[in-house]
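Please look over the sequence and the model shown here before reading on. The paragraphs below are meant to be followed with the structure open beside them.

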Amino acid sequence: MFHYHDKKILIVDDQKAFHVMLKAMLTNQGAKNITFADTIDQAVKITKVVKFDIYLLDYNLGSGKNGVQLLDYLKKNNQIPDHALCFIITGDSNKRMVLTAIEKSPDDYLMKPFSPVQLSTRLTAATHRKVMLHAIYKAISDKNYELAISLCKQKIDQAPEYRNLCKNLLAEIYIQIENFQSADQILKPLIELRPLVRPCISLGRSYFLQKEYKKSIEVLTRLIKDAPLQMEAYRWLARSYKSDGQLNNALNILTQAANTTHHSIERHQEVALLANEMEEYAVMLNSYYSILHLSRSSFYPDPCHLANYLRSIINLAKQEKDIGERKHILKKVSSALYQSRFEEGKNKDFNFNGFDEIYQANVHLALNEPLKAKRRIFNTLKNTHQAVIDFDTTFLIESSLSLLDIGEFDEAEPLLEELEQRHIIDPTTAINIKKHTGDLLTQRIENFKGYNKAGIEFFTAKRYQEALDSFERALILEPLNSGAILNRAQVFIHMLQEKPANKDELITQFQSSIALLNNTHLPEMHAERLNALRHELKKIKGVA
């Protein structure tokens, strides 16, 4: 019989009737210290000041966050004592909810309605299991694997009811220390007669880490056929397929897992990352859409998820050759930004207006309207009355990458320097930054600057035609770079000052060149150069 009298109990449920029923049930069993929370926010405040022995968390807590998200948050923030028991409770038998709850490893999962005897029995079993295995888990946590191995072997001999569990734990320790042979010797006999869940997952993982991908695929496929709701099996199976070069199978398995679970941002992220690698843009879009909406009701909403979703729309649109269909896809950007104004737009630490403008510029780029994109990017940054160090991380990233997209390397440099100081947690964002920077960016800048530098040297030597040719080559690589456009314009001015026969043609070429800078809030130095060049042209034309 479970003893409640010395236990502090927290019940999180939004239904008053359930509060009354459960309080009566627990009080009749001897409980004296019971605390209730109606909402997630209330529960978080309480758990910051009080540590409980038993946490009974309802899955469904109205709109917004749920009990599984609360459990995950409390665990990540070390607000649950090691000895405490955590139960997820729900009246919904939906398998997606059950799977999502199990993924977060509560001590047990209870379906409503339940009797006092059922609750007591399950708490007793969970307590006994936790007490019996506490020393092993403590040794593993302390990375004292020699002690953990010794304790596992003792329990295998002394506690027959936990023998298979301890054998699997022992195998997991051997896998952790890369003693795969010992792990496999334990696990293979456990699954000979039937595919037991934990041993199969552990053996599949062991084979994967040994790079025996086909063996891992065989074991995990067999398990999923018999037990199709084991999400960890899907994860290792997908990794095995991917490492074996079977990317389509990997993507299918991950998508199946994401669609099976409920409220699992992690599963959708795995799908999105692999789809990104495979350039499966439609799959990426669907996954990032799910992540965005799930994150909004999570403990960790982040505008980076909005950026990932919008980027996936643009990437999908760029693959569409038909301009009408491309425009149709890109309408989703404006729609998403409008809706996000009432979500991410409420975040005072996020420059939503600037972010909106940057993504409207990205739409122009996707529609092959680079001048409109450039003007929008420069105007947005000009109107952002903040030091770069004060930019929120998402706006900083999108501004930096947009400047790189239009070849404005000098303007991007201070933003990229600040970006190096930021800690990027989101894996998709990190991948996108890596795609734009690193060795690829270095090579891109070197190629551009090589021609630009040569043009400056030819210009200094008054070899104007060769200078013009060099700047033209630089602009073939980066057609929107303001510095190179001004350099080319300056060559035209000096060629005009020599009173050539093709004066009208050169004037037209000069005007076409600087038209690329019209209606743009240029950096101060470039703006001064442009005004000076325009003044020189007026003098040449005899206007001034």
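What follows goes from the sheet to the helices on it, and then to the cores and an annotated repeat.

This is a predicted model, in which local features need pLDDT of at least 70 and side-chain atom pairs count only at pLDDT 80 or more, while totals for chains, interfaces and linings use all residues. Residues are numbered from 1 along each chain as its sequence is written, and side-chain values use heavy atoms, with hydrogens and water left out.

An open sheet is formed by 5 strands in the order E2-E1-E3-E4-E5, with parallel pairing; helices (H or I, at least four residues) and strands (E, at least two) are DSSP runs numbered from the N terminus, and two strands pair if DSSP finds at least two bridges between them. Strand E2 (33-37) and E5 are the edge strands, each pairing on one side only. Strand E1 (residues 8-12) is joined to E2 by 5 bridges, and Lys 8 stands opposite Asn 33 in E2.

Strand E4 pairs in the parallel sense with strand E3 (residues 54-58) over 5 bridges, and with strand E5 (residues 108-111) over 4 bridges. Ile 54 stands opposite Leu 85 in E4, whereas the bridge partner of Phe 87 in E5 is Asp 108. Because 6 of the 6 residues of E4 (residues 85-90) are buried, this strand is largely enclosed by the rest of the structure; buried means under 20% relative accessible area with a 1.4 Å probe, protein chains only. Leu 85, Phe 87 and Ile 89 point one way from E4, and Cys 86, Ile 88 and Thr 90 point the other way.

Two helices can be followed against this sheet. Helix H3 (residues 67-76) lies across E1, E3 and E4, while helix H5 (residues 116-141) packs on the sheet, touching E3, E4 and E5.

The largest nonpolar core (buried Ala, Val, Leu, Ile, Met, Phe, Trp, Tyr and Cys residues joined through side-chain atoms within 4.5 Å) has 130 residues, and Tyr 309 and Phe 510 are among the members that touch the most others. Its largest share, 9 residues, comes from helix H24 (residues 482-497). A second, separate core of 23 residues includes Leu 10, Ala 43, Phe 52 and Tyr 55. In soluble globular proteins, nonpolar side chains tend to be buried together.

Finally, an unreviewed UniProt entry lists residues 448-481 as "repeat: TPR", and such annotations may be inferred rather than shown by experiment. Over residues 448-481 the chain is 79% helix and 0% strand, with the end C-alpha atoms 10 Å apart.

Key:
Buried < 20%, exposed > 50% of the residue type's maximum accessible area, 1.4 Å probe, protein only. Contact = heavy atoms within 4.5 Å. Axes fitted to C-alpha atoms, helices over the stretch in contact; angles between N-to-C directions.
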